[in-house]
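Me: Please take a close look at a single part of this model, namely its main helical segment, and set that part in the context of the whole chain. A formal, connected account of surface, charge pairing and exposure would be appreciated.

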Amino acid sequence: GVMAEEEREMHQTVIQTEVLAQTKELYEQRFALEARVMLLLEENNQLTRLITDARDVFDELVVQNTTTFITLAKNLQTESRQPEDKKEDHMLLNLMESVNFGVQLMQ
């Protein structure tokens, strides 16, 4: 009776020790994962900032280019040009103005 009782208690202690060890391990894994998630979120924020900066630079370049093209096209239209030249200028102007409008919508 007494022997069996002591054996049962010892067995239970072994089980409790194992459970505690596994629980500790799980907590450590959880903290490691949380740290990794925080790192990934920070990297994500940095990438988002880079993408936003790149978009702003791109938009600025498109606006500059489009403005230049529109000015160019308007200048070409004012000069003495053949009717077919004027038609081409007009198409260029329409294209550039629609690109400019698209860029403004994106911002």
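Reply: The accessible surface of the chain amounts to about 9300 Å², and carbon and sulfur atoms account for 62% of that area. The model is a predicted one. Of the 107 residues in the chain, 9% are buried.

The overall form of the chain gives the setting for the helix. The secondary structure consists of 2 helices and 0 strands. The radius of gyration is 35 Å, well over the 13 Å that the globule rule gives for 107 residues, so the chain is more spread out than a compact globule. The C-alpha trace spans about 115 × 20 × 15 Å along its principal axes.

Helix α1 covers residues 2-78, and M38 lies within it. E43 is also part of helix α1. A pair of positions gives a sense of distance: E43 and M10 are separated by 33 residues in sequence, and their C-alpha atoms are 50 Å apart in space. E43 itself is partly exposed, its relative accessible area being 38%.

The nonpolar part of the surface can be examined around M38. Together with V37 and L41, M38 makes a nonpolar surface patch of about 300 Å². M38 has a relative accessible area of 57% and therefore counts as exposed, the cut-off being over 50%.

Charge is the next topic. The chain carries 10 positive and 20 negative side chains, and the centres of these two sets lie 9 Å apart. Side chains of opposite charge can pair when their charged atoms come close. A search of the whole structure finds 4 salt bridges, and three of the pairs are described here in sequence order.

One of the pairs joins E5 and R8, whose side chains meet in a salt bridge with an N to O distance of 3.3 Å. Both E5 and R8 belong to helix α1, where they are 3 residues apart, about one turn of the helix. E5 is partly exposed at a relative accessible area of 37%, and R8 is likewise partly exposed, at 49%. The value for R8 does not pass the cut-off of over 50% for an exposed residue, so R8 is classed as partly exposed.

Another pair involves K24 and E28, with a salt bridge at 3.0 Å, N to O. These two residues lie in helix α1 and are 4 residues apart, about one turn of the helix. K24 is exposed, with a relative accessible area of 55%, whereas E28 is partly exposed at 45%. The cut-off of over 50% falls between these two values, which is why the partners K24 and E28 are placed in separate classes.

A further salt bridge links R30 with E34, and its closest N and O atoms are 3.0 Å apart. R30 and E34 are again found in helix α1, 4 residues apart, about one turn of the helix. R30 is partly exposed at 43% relative accessibility, and E34 is partly exposed at 38%.

Taken together, helix α1 holds the salt-bridged pairs E5 with R8, K24 with E28 and R30 with E34. M38, in the same helix, contributes to the nonpolar patch with V37 and L41.

Conventions: Residues are numbered from 1 along each chain as its sequence is written. This is a predicted model: local features need pLDDT of at least 70, side-chain atom pairs count only at pLDDT 80 or more; totals for chains, interfaces and linings use all residues. Side-chain values use heavy atoms; hydrogens and water are left out. Patches are made of residues with over 30% relative accessible area and no salt bridge: like charges are joined within 9 Å, nonpolar side chains (Val, Leu, Ile, Met, Phe, Trp, Tyr) within 5 Å. Accessible areas come from the Shrake-Rupley method with a 1.4 Å probe; for residues, only the protein chains shown count as cover. Buried means under 20% relative accessible area, exposed over 50%, partly exposed in between (1.4 Å probe, protein chains only). The radius of gyration is taken over C-alpha atoms; the globule rule is 2.2 Å times the number of residues to the power 0.38. Lys and Arg count as positive and Asp and Glu as negative; His and the chain ends are not counted. The place of a charge is taken as NZ of Lys, CZ of Arg, CG of Asp or CD of Glu.
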